[in-house]
Structures are given as structure tokens and as C-alpha cells.
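Here are my notes on this one, written as numbered points. Keep the structure open beside you and look up each place as you read.

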Amino acid sequence: MHVLLTNDDGIQAPGLWALYEAFRRGFTVTVIAPDRERSAVGHAITLHQPLRSQTQDFGQGRRGIALNGTPADCVKLGLAEILERPPDLVVSGINPGANVGVNLNYSGTVAAAKEAALCGLPAIAVSMNGQNGLLYPEGARFALGLACRVLERGLPRGTFLNLNLPNRPLGEVAGVRVSRQGYLAAADRYERRLDPRNRPYYWSGLDLQRCDGHPEVDGTALHENFITITPVKCDMTDYDFLEALKQWDWQPAADRDQPGIPASGPPSDVAPSRPASGNG
Ligand code: MN
């Protein structure tokens, strides 16, 4: 079995090499990772500059390919050019810091797994809660077990797993909770400062994760010391709303240039968006 490892923290990151150590015992492992930290680049790809790859040797048999691109680039170029055959599995991480809730939209760790799923490969994004003193080998050990289960049972095409681990020894976690993504927007915090010319500039602060408290929501379960596993789909279509949207009046009226743009401005009774179905 052949696994492709990548991340968004750069090829030097300890979380990546913890996965490497865990997987190298039973798998053929290829590492293709960004040459520097690319956290929070989301699913960006590089279009306007050349991509260059370089094999790097980190000693103790640790070799990997560093790419001057994003996590999604690593998967795309890896599959298209670098690897002779597609891997059986793509694993991205281990990211220091949870990737739950709305952070799935910004995470390069998650995007790499999503890119693999778009290419029809089973994939797992792995993140660990916290920033310092992370127990990466524990996380890698669990990721390896999950990977074996995924290879055994398969995943639906276009679906990948988002795994988040508490920073605890596996024997001390509350358990595993199959969870769903929360989507309460983070409480953004920007620090406003003044430059020497008295012009304001802003630093993005740490976004505080908000959870709605439902035990099945990823952030809540992680906070309760559970390992969380969320199945995530590449297809972002809202099938619940699709049929209702079809029922809107899509016939261009004679007095309208475009469907949906009333001649006299928007109606005053615009319905509020569909209530959330309990996610948070
Ligand atoms: Mn990261």
C-alpha cells in the first residue's frame, strides 16, 4: 500500500514526520509538502508562477519532496507529475491546532485531503487540538489505525474524513465521536494599530471557535475530549434547498431584463434564510 503524506505547515513540521514514522512501518510512503508554512491558504492553487520541487533529506531515512506551492498544489502535482502511480491513500497533517467548524473553509490541511477526494482517492485530514507540547505520535498512531480501516472499507467517492484529536494519550480520551461540521462563524478579532505615519493597520487575532453545544458538532465533541471524525463531501450543493429553488419564478417576464431582478427593486418581504438544521 502506498500513502502520500502532505500538510500545510511545511515539510519541516514535526506533525508530518510523526505521520511518516507511523506509516513507514506498513506502507510505502511518499512525502510531498510545501517548502514553507502555508497554513490557512485554503484550497488555493498556484497559477501565476512556476512550481519547483526539490527532494530533501532530513536524516534517519526521512526523505521528502518540498514544493514551492500550496497543499492543494502538492496533491495535484504529485498525482499529475511526481508519482508514477496514484497512491492508495492521501493523509494530510498532523496540523497543530484543531480544524473544526468554519475553519474547514480556511484550512490548507483540509484542502489537501479535499483535493485528493476530488481526484477520487480516499483521504484523511488530521489535526490536533492545541499548539504546544502536542503528542504527535499518539495522533499518528490513531491516524494509522483509521487509515487501515478506510482502506479496508472504502469511502464514498468525493468524501474524505476530517480527523481531530485532543492532545491526550489515546488511553485518556473520552472516546471517538463521529461528528458533523459546525458552522457558526468565528468571532473575528482584529487588532488595530497605527503605523509611524499614523495610518491604521490590522492584525488578525486568533479566532475563537464558537460551538452551539450540540454534542455531535465537531468542536463541541473535541472540547469534550473526544476524538472527532467528520465525513466531508466535496459536492457543496445544498440538496435540501435545490428543489425549492427550482420552484422560484425563473420565467423572464417581459418587463424584466433578468429573472429574479424585479423592475421595482427587491421585495420588502424577503424571507430569512432557511433556519439551520441544528448544526452550529
Ligand atoms: Mn497548519
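1. Let's start with one side chain: is Trp-17 buried or exposed? Trp-17 counts as buried, because its relative accessibility is 4% and the cut-off for buried is under 20%. Bear in mind as you read on that this is a predicted model.

2. Who are the neighbours of this tryptophan? Leaving out residues up to four places away in sequence, Trp-17 touches Ile-11, Gln-12, Val-31, Phe-58, Arg-62, Arg-63 and Gly-64. If you want a distance to check on screen, try Trp-17 and Thr-6: they sit 11 residues apart in sequence, and their C-alpha atoms are 9.8 Å apart in space.

3. Now zoom out to the helix. Trp-17 is found in helix H1, and H1 is mostly covered, with 8 of its 10 residues buried. Besides Trp-17, the buried residues of H1 include Gly-15, Leu-16, Ala-18, Leu-19, Tyr-20, Ala-22 and Phe-23. The cover over them includes E1, E2, E4, E5 and H4.

4. The sheet is the next thing to trace. It is an open sheet of 9 strands with mixed pairing, and the order is E3-E4-E2-E1-E5-E6-E7-E11-E8. Strand E3 (53–57) and E8 are the edge strands, each pairing on one side only. On average, neighbouring strands are turned by 25° against each other, direction ignored. Helix H2 (residues 71–82) packs on this sheet, where it touches E1, E2, E3, strand E4 (63–67) and E5. The direction of H2 makes about 130° with that of E2.

5. Take a good look at strand E11 (residues 226–233). Why do I call E11 largely enclosed by the rest of the structure? Because 6 of its 8 residues are buried. Two strands pair with E11, and you can compare the two pairings. Strand E7 (residues 159–165) runs antiparallel to E11, over 6 bridges, with Leu-161 bridging to Pro-231 and Asn-162 standing opposite Thr-230. Strand E8 (residues 175–178) pairs with E11 in the parallel sense over 4 bridges, and here Val-178 has Ile-229 as its bridge partner. As background, strands of a sheet pair through backbone hydrogen bonds, either parallel or antiparallel.

6. There is a hairpin to find as well. Strand E9 (residues 190–194) and strand E10 (residues 200–204) run antiparallel and are joined by 5 bridges. One place to spot the pairing is Glu-191, which stands opposite Trp-203 in E10. E9 and E10 have 5 residues between them, and Asn-198 in the turn has a positive phi of about 70°.

7. What about the nonpolar packing? The largest nonpolar core has 35 residues, and Leu-5, Phe-23, Val-31 and Leu-163 touch the most other members. The elements that each supply at least two residues of this core include strand E1 (2–6), helix H1 (14–23), strand E2 (28–34) and helix H4 (136–153), and E7 and E11 are on that list too. A second, separate core has 20 residues, among them Leu-4, Val-90, Ala-112 and Ala-123. Back in the largest core, Val-31 is a good residue to click on. Leaving aside neighbours within four places in sequence, Val-31 is in contact with Leu-5, Ile-11, Leu-16, Trp-17, Tyr-20, Arg-63, Gly-64 and Ile-65.

8. Next, the metal. Which protein residues are donors of the manganese ion? They are Asp-8 (OD), Asp-9 (OD), Ser-39 (OG) and Asn-95 (OD1), lying 2.1 to 2.3 Å from the ion. Along the sequence these donor residues are spaced D-D-x29-S-x55-N. Both Asp-8 and Asp-9 are buried.

9. Last, the cysteines. How many disulfides are there? The count comes to 0. Take Cys-119: the nearest cysteine sulfur is that of Cys-234, 9.0 Å away, while a disulfide needs the two sulfur atoms within 2.5 Å. Cys-119 is partly exposed, because its relative accessible area is 36%, and that lies between the 20% and 50% cut-offs. Cys-148 is also partly exposed, with a relative accessible area of 36%.

Definitions and conventions:
Residues numbered from 1 in each chain as written. Predicted model: local features only at pLDDT ≥ 70, side-chain atom pairs only at ≥ 80, totals over all residues. Heavy atoms only, no water. Donors = N, O, S within 2.8 Å, 3.2 Å for Na, K, Ca; no water. Buried < 20%, exposed > 50% of the residue type's maximum accessible area, 1.4 Å probe, protein only. Pairing = 2+ DSSP bridges. Core = buried A, V, L, I, M, F, W, Y, C linked by side-chain atoms within 4.5 Å. Contact = heavy atoms within 4.5 Å. Axes fitted to C-alpha atoms, helices over the stretch in contact; angles between N-to-C directions.
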